[in-house]
Amino acid sequence: MSGHKAPVELTGLGTETTRILHNPSGTKTLEEFVKPFRARTPEGWAPVDTTLIRDPGGTVRPKVTPMKIRLSGGGTEPLAALERDGKKLALTWPNALPEPQLTGDTATYQEVLPGVDLRVKADVDGFSQVLVVHNAEAAANPALREIKFGTSGLKIIPGENGTSKAIDDSGNTVFISGQPTMWDTPPAARSTAPHEIEHKPMKLRVGDGDLTVIPDAEMLTAPETNFPLYIDPSYSGTQYRWTSVNSYSPDTEYWTSQRDSARVGYQNYSSPTSRYRSFFQVNTAPIAGAQVLNTWFAVTLDHSGACAATPVDLWHTKAINEGTKVTWTTSSSWWTTKLDTRSGNANEGGGCTTTQPDLPMEFGSAALKTLVQNTANARTGTLTFGLRAANENDAAQWKKFMPATARLVVEFNNKPRAPIDFTTVPPTPCGTAAAPTAFNTASPTFSAIASDPDGDNVRGRLEILDGDTVKHTVDSPLFRSGGAFAWSPIAAGVLPEDQPTKVFNYRARIMDPLAASTDSPRCHFTVDRTRPVPPTITSTDFPDNTPVRSVGELGTVTFSRGGTDTDIAGFRYGFQQDKTTMWVAADANGTATIPITVWDDQSSRPLYVRAVDKAGNISPSGPSWTLTANSRTVPGQPVRADTNGDRRADFAMLFDQGNGRTAAWNFQSTGNGFSSGYVGWDTDVSGGFPMYRIKSANGDFDGDGRTDIAVLREDPDRKVRLYLLRSDSNRFNAEGEPAWTGDYRLSHLRITAGDFDGDGDDDLAVFQGLAGAQTKLWIHKSSGGVFAAPAQQWDSGANGLDINHLTPVAGDFDGDGDDDIAAFRGAPGTTQTKLWLHTSNTGTFATPVSQWESTAFDRSKATFVATNVNGDTTGRDEIVAAYNRGANSTQMQVFTSGTNTWTTSVGWESTSFDALKSALAAGDFNGDGKGDIATLYDTGNGQRQMYTFISTGSAFADKRTDWQGTVADVADAVYIEPNRKHRLQPAHSEKCTGIPSGNTADGGPLQQQDCATAATHQQFELDRVGSTPYFQIRTAAGKCLDIPGWKQEDNTGITQYTCEPTGAPQANQQFRLDYVSGTGMDVVVQPRIVHSDKCVTVSGASTANNTAVVQQACSGAANQRYILRIEP
């Protein structure tokens, strides 16, 4: 018909057994064959052709097979060799072989023993070998009593009933051998029907490097043996996809014998009589989770016992798997559900009046469709069918089927995935019915990411509901899967603006032309457009325009809601009417108390405040409040970490607020606790300082007695810029221009700050990691907050120090007034840690010296800070390590310096404190001269508690809760920098993963390996799929990590394979990187495979080289977690 379009194969989705077609209707059709029907060649897919040819080198091989098969061309080379995914098995004949004669798929080596020929037949997935003993004289040869083959490559281990298998280093079965059998030539058949053969089992002995077949001596010498006699030891790479069973030999398995056809029914036309059933197992992974539209089982009938059509039944059966014996006896109860009955006949041998050609048969029913849909829903990975005669005592129903034609055909559609990152613009929390989120607009905008497993064009549907009633629907235009999109704003009039207590909810789904995704969770909201009234200000420490407190003295000011407002979330405030960017949360009564310090250069300054309600409505600014203080010289010496200059340490730290927003939270010490936390610097949304692009260090860089924050930011031009956030006692003021611009690489950088030259201004130390495990130390000296260009102070040299195993901390460890640097260095794959001291002498660092080491302390599990814990008059700092011992067990370990040595002690410990949830700081918080520690502890949902541990001089008192509130409710995430090379290092071993060096072929296995500098086969490029959270992981060969055949089963090895073509996304080549721990560009992730929702796993948690990396159900174990490291 004109304009008719034929289905198009999606070649990138196919395998040796799988063909997927894209239909004009938009659906897809899966043809999943039982046996490989094609193989990939340099020119693309080609049909299997087992015809043997000679290579130029003399070896013999089949033309096209999915497995690499090589046969001997004569001489002493291996008789036969198999190779799959780089794993090889070879069998060698005891003596030199003659040059073979080639006939189709069979190579015949004549007279390997007197009167004995050796025939080797190539199949799609292996080979069989048959010794043809021509006469009794040849059978009497003692060499036939035991036939020993040499083996090499994979390890051979014995199985049950004379079987054996070849396994890899991880114990995975790669190739199998059924029980070897022997048979003689049967007597002439009583009809023209093909005769059956009775196979007699033989014994098999497996040795180290050899395989011995032991023929039945009685059959060799029996007078009734009909020659030629056949002895069949075979090996194949079969994946247990099909087999038959026979009631007349009820305990025999047929995995490697009678593979020419799948026999079904009863026959008595030839001896021996037999009654067969056949099983077929197909891979259903490509339709996991799909919507099944139509399905049938197809197979071609080759021969029937009657000239008229007779019935055959299709059943659903128990799976046939390696390790499960499949015989008539064991499988008798496996037939669970009859699915369909069809009739047919085929006879080409001349036994009927006319030639009856081979008959393609198709089985289909509602029961079959239900079965396939349930299998897709369960994502079980395989489905097994059985064929048996309707009447197993009727010889007219005897049939032979062509196993190579057996396949399951499914027309299907994959539903789109539920909306990803579905939220408002800008993002707001998903409210509940009891605690709805308040919107400050009646025309909110919503956005999401759409992803369809088939890559179909999709649209998003947004629904606004009043209870369960859909009030308004908005559909997006059609767009390509994988993209982020936004719906049009909700039209005016849909949502009321005068009912602030009315609760609505919203949800969304993604739709392709045939199906819709599951709905997103419902989120509840209200619409509140009313602005709060201006708040009031009160203070006994700083009455309006009246000095009470002195310069440099901490006081407080209280903000209170105005009028009848009951939903005040917090207050924005500042010292300029148009710059109220500081923030403090309100309590349940709508009030908040903030710390205020007036400094000598600002002894009088105005204060402005605005109230913010829970919908984000901002009040007008009230009248200014004038802060004044009595003039004085601030007594005492400056102390470390003091942000307001009152000679007590405070707690200041940068936190991710989400959506590219970063804030400096400040908690000022009151002497016996901490003030309410407040935001002292805020970039606002997409303000240019996202946390994944910055690293920071605190220090008094301008020498004014108040701690500032230095921020290094890596920009899109690959330059790193240094910015200074100066403290003015209350907020941090960001300077408009960078203090320095240079060529650091943030991903391989560690920073710390200290007064290294003793001039009263803190300086910045940068450890920069380079390629080849080289690290350099650079110092930026500061004078009045002006940073000098970096000066190199130390170079580890090539292979001297990998930056990934370094944690520096600065402090005055020798009491000379100049801060030094203690560098804790770890060793990959071990818990060994060494402390190397970089001693400073007025800003010049000596060569580092190792002063402490431990094989029981793992640097990677600790967070380090420095402070003068014991308060000694020499000013020597100690180091405090918050050490994570696992299972919520934490120790605060104190490192005390001596003469070229360090001692350690436990300052505090708990079995109900998780160091991973703790942000650590140190300083003299109560002004007693001894260094304390404090942690801002994550209690979940953005809530934090400030715990303070006061120093006793030699240890720390138990934690004291000094504040609790919301700091940020941002889920930690993984940032992947485009076009950069990464390593995936298993956390349990800290080795590397990689494809074997030099392997560029499809099927190259992903393995655990010792890390090698600049080894490209251990480097991966992570390419995001559209805007989704899914990635392709590309190898050095330009291929993608892949789960073969879309398999769902645990322990399926991960390989490299040709990447999906554009427009045909493959979920078995996509990974989601679940965040585990770490920050910025140096994180631990748990890679999850999209199609199976299983995790990338080092098999058996082994630490050995060449261990296979497989998929397994996610458990959170260390062998499923990987350190994601960017190459320098």
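**Exercise 1. State what share of the protein chain is buried, and describe the chain as a whole.**

Solution. Of the 1128 residues in the protein chain, 55% are buried. The model is a predicted one. Next comes the surface: the accessible area of the protein chain is about 44200 Å², and carbon and sulfur atoms hold 48% of that area. For the extent, take the C-alpha trace, which spans about 125 × 75 × 50 Å along its principal axes. For the secondary structure, the count is four helices and 90 strands. For the contacts, consider those with a separation of 6 or more: 59% of them join residues 24 or more positions apart. Last, the charges: the chain has 100 positive and 126 negative charges, and the mean positions of these two sets are 5 Å apart.

**Exercise 2. List the assigned domains and give the separation of domain 2 and domain 4.**

Solution. Reading the domain assignment along the protein chain gives these entries:

- domain 1: 44-236
- domain 2: 246-413
- domain 3: 417-527
- domain 4: 536-544 + 551-628
- domain 5: 860-971
- domain 6: 981-1126

Then take the centres over C-alpha atoms: those of domain 2 and domain 4 are separated by 80 Å.

**Exercise 3. Decide whether Thr15 is buried or exposed, and find its contacts.**

Solution. Begin with the location: Thr15 sits in the loop between β1 (8-9) and β2 (18-22). The relative accessibility of Thr15 is 13%. Buried means under 20%, so Thr15 counts as buried. Its side chain makes a polar contact of 3.0 Å with the side chain of Thr18. Setting aside neighbours within four places in sequence, Thr15 touches Phe37, Arg38, Trp45 and Gly1045.

**Exercise 4. Do the same for Leu97, and give its C-alpha distance to Gly75.**

Solution. Leu97 belongs to the loop between β10 (87-92) and β11 (101-103). Its relative accessibility is 7%, so Leu97 is buried. Although Leu97 and Gly75 are 22 residues apart along the chain, their C-alpha atoms are separated by 4.8 Å. Gly75 is also one of the contacts of Leu97 once neighbours within four places in sequence are left out; the others are Ser72, Gly74, Leu79, Tyr109, Val112 and Leu118.

**Exercise 5. Locate the cis peptide bonds before Pro228 and Pro426.**

Solution. Start with the background: most peptide bonds are trans. The bond from Phe227 to Pro228 is cis, with omega near 5 degrees. Pro228 lies in the loop between α2 (217-221) and β23 (229-232). A cis bond also joins Val425 and Pro426, where omega is about -5 degrees. Pro426 is found in the loop between β34 (420-424) and β35 (437-439).

**Exercise 6. For Ala773 and Glu990, give phi and decide whether each residue is buried or partly exposed.**

Solution. Again the background comes before the cases: most residues other than glycine have a negative phi. Ala773 is not a glycine, yet its phi is positive, at about 55 degrees. Its place is the loop between β59 (763-770) and β60 (774-780). With a relative accessible area of 24%, Ala773 is partly exposed. Turn to Glu990: phi is near 55 degrees, again a positive value in a residue other than glycine. Glu990 is in the loop between β78 (981-986) and β79 (992-994). Its relative accessibility is 12%, so Glu990 counts as buried.

Notes:
Residues numbered from 1 in each chain as written. Predicted model: local features only at pLDDT ≥ 70, side-chain atom pairs only at ≥ 80, totals over all residues. Heavy atoms only, no water. Domains from an automatic or database assignment. Helix = DSSP H or I, 4+ residues; strand = E, 2+ residues; numbered from the N terminus. Buried < 20%, exposed > 50% of the residue type's maximum accessible area, 1.4 Å probe, protein only. Polar contact = N/O pair within 3.5 Å; in protein donor to acceptor, adjacent residues only side chain to side chain. Contact = heavy atoms within 4.5 Å. Areas by Shrake-Rupley, 256 points an atom, 1.4 Å probe, with all protein chains shown as cover. Lys, Arg positive; Asp, Glu negative; His and termini not counted. Charge placed at Lys NZ, Arg CZ, Asp CG, Glu CD.
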